[in-house]
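Reader: I'd like a close look at one part of this model. Keep it informal, but give me the cut-offs as you go.

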Amino acid sequence: MIKPASSLCDMHCSYCFYSDVAASRNQAFMGIMSHEIADLLIINSLCVLEAGDHITFAFQGGEPSLAGLDFFLHFTKKVKESTPKGVKVHYAMQSNGLLLNDDWCVFFRKNNFLIGLSLDGDAALHNQNRMDNYGKGTFNRVMDAKKMLNRHDVTYNILCVLTAESARRAKRLWNFIVREQISYIQFIPCLEPLEENPRKTDDKTALSGERFYRFYSDLYPLWKKELEKGNLIYIRLFEELAATLLGGQRPPCSLSGICSPQIIVEADGSVYPCDFYVLDEHKVSNLTTHNLKDAFEAVAASDFLNKPQELSPLKKHCANCQHNIWCKGGCKRMSQTVYGKGCGMRMFLDECLQDLLETFANSL
């Protein structure tokens with residue numbers, strides 16, 4: 001995961017977790033990634049790969065499109081020149097959509113980018129927290145970006161931040177999803193601020209375990225009813241539960257209490273082990289001076305990954321939970337928003353998991 005524009009953004013979302021992370025570092029903004037740094041990153045990533053390997057370059061931010069289309073044209077050209085024979089390259093980008101136009105969409109289609117478009121529901125729900133730097137709502141501009149992606153046949157999914165308010169509106173959100181013919185969506189819990197940088201707010205946006213449970217408990221029967229009509233809509237949590245418990249796949253780190261090694265690269269080439277913890281104390285390497293294998297090994301050996309997660313007093317219920325065999329207490333960054341008091345995940349799984357797995361099994 002690469003942050004070519006660091007924490008720079010042309011929106012001012014009330015709940016932005018990366019703004020919170022960046023403000024907790026000695027240097028919040030690492031600049032725009034230069035072509036020179038990009039070249040070194042690419043060479044050091046590809047030089048250790050062999051025929052049959054796959055690599056994904058995923059761009060996030062901040063807002064990655066602020067690095068400019070020329071940056072991405074250079075990046076993909078350099079990758080094409082440097083990729084060993086038989087290595088398969090994939091691209092993804094998470095964007096707020098404000099800068100997207102026909103030129104961007106032609107580029108995405110040509111290079112097979114998977115785009116994640118940030119959209120929090122209908123106009124009222126979206127504009128409540130996703131404003132531009134002038135304090136104006138961005139719903140109409142994001143919807144224009146969605147239409148452009150459709151027109152150019154660009155593959156995309158929707159990322160929706162689930163706040164304490166929107167979690168009360170499962171049916172309203174679902175009706176919007178169906179009406180707008182959204183086929184792939186992931187709901188991201190709105191996180192509480194880092195302890196290193198508490199937001200100066202009453203923080204009414206952050207989710208709670210109870211709200212997490214209520215949302216998915218309300219959403220599940222709506223999703224199932226639509227599936228019975230023959231319309232399968234990808235909900236990330238449901239798909240991941242089925243893949244883990246029916247398909248035998250290792251649970252993703254967002255579901256389990258075991259952090260997986262990740263390569264998060266800031267604009268200066270610095271490597272960190274997790275997008276939620278791009279903090280000074282967790283910097284482990286730099287892809288301008290080390291190859292991908294060395295960087296991965298540095299992440300895997302880091303204290304961040306190897307320090308055992310300590311269950312908070314709010315999570316002592318994990319020890320007696322039937323799901324703990326694979327959940328392990330859940331993602332530590334979501335300890336309050338999902339797994340905290342009462343554990344929203346446990347309540348949802350206790351209520352809906354068996355039926356959800358049977359529904360998936362019958363639809364295969």
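Which residues does Asp 132 touch, not counting residues up to four places away in sequence?

Author: First, the ground rules: this is a predicted model, where local features need pLDDT of at least 70, side-chain atom pairs count only at pLDDT 80 or more, and totals for chains, interfaces and linings use all residues. Residues are numbered from 1 along each chain as its sequence is written, and side-chain values use heavy atoms, with hydrogens and water left out.

Now to your residue. Leaving out residues up to four places away in sequence, Asp 132 touches Asp 10, Met 11, His 12, Thr 138 and Arg 141; contact here means heavy atoms within 4.5 Å. As for where Asp 132 sits, look in the loop between helix 5 (123-129) and helix 6 (139-151). Helices are DSSP runs of H or I with at least four residues, strands are runs of E with at least two, and both are numbered from the N terminus.

Is Asp 132 buried or exposed? Asp 132 counts as buried because its relative accessibility is 8%. The scale calls a residue buried under 20% relative accessible area, exposed over 50% and partly exposed in between, using a 1.4 Å probe and protein chains only.

There's also a polar link to the backbone: the side chain of Asp 132 reaches the backbone nitrogen of Tyr 134 at 2.8 Å.

For another buried set, try helix 9 (residues 236-245), where Leu 237, Phe 238, Glu 240, Leu 241, Ala 242 and Thr 244 are buried. The buried residues of helix 9 pack against helix 8 (209-228), strand 6 (234-235), helix 12 (324-327) and helix 13 (344-363).

Technical notes
Polar contact = N/O pair within 3.5 Å; in protein donor to acceptor, adjacent residues only side chain to side chain.
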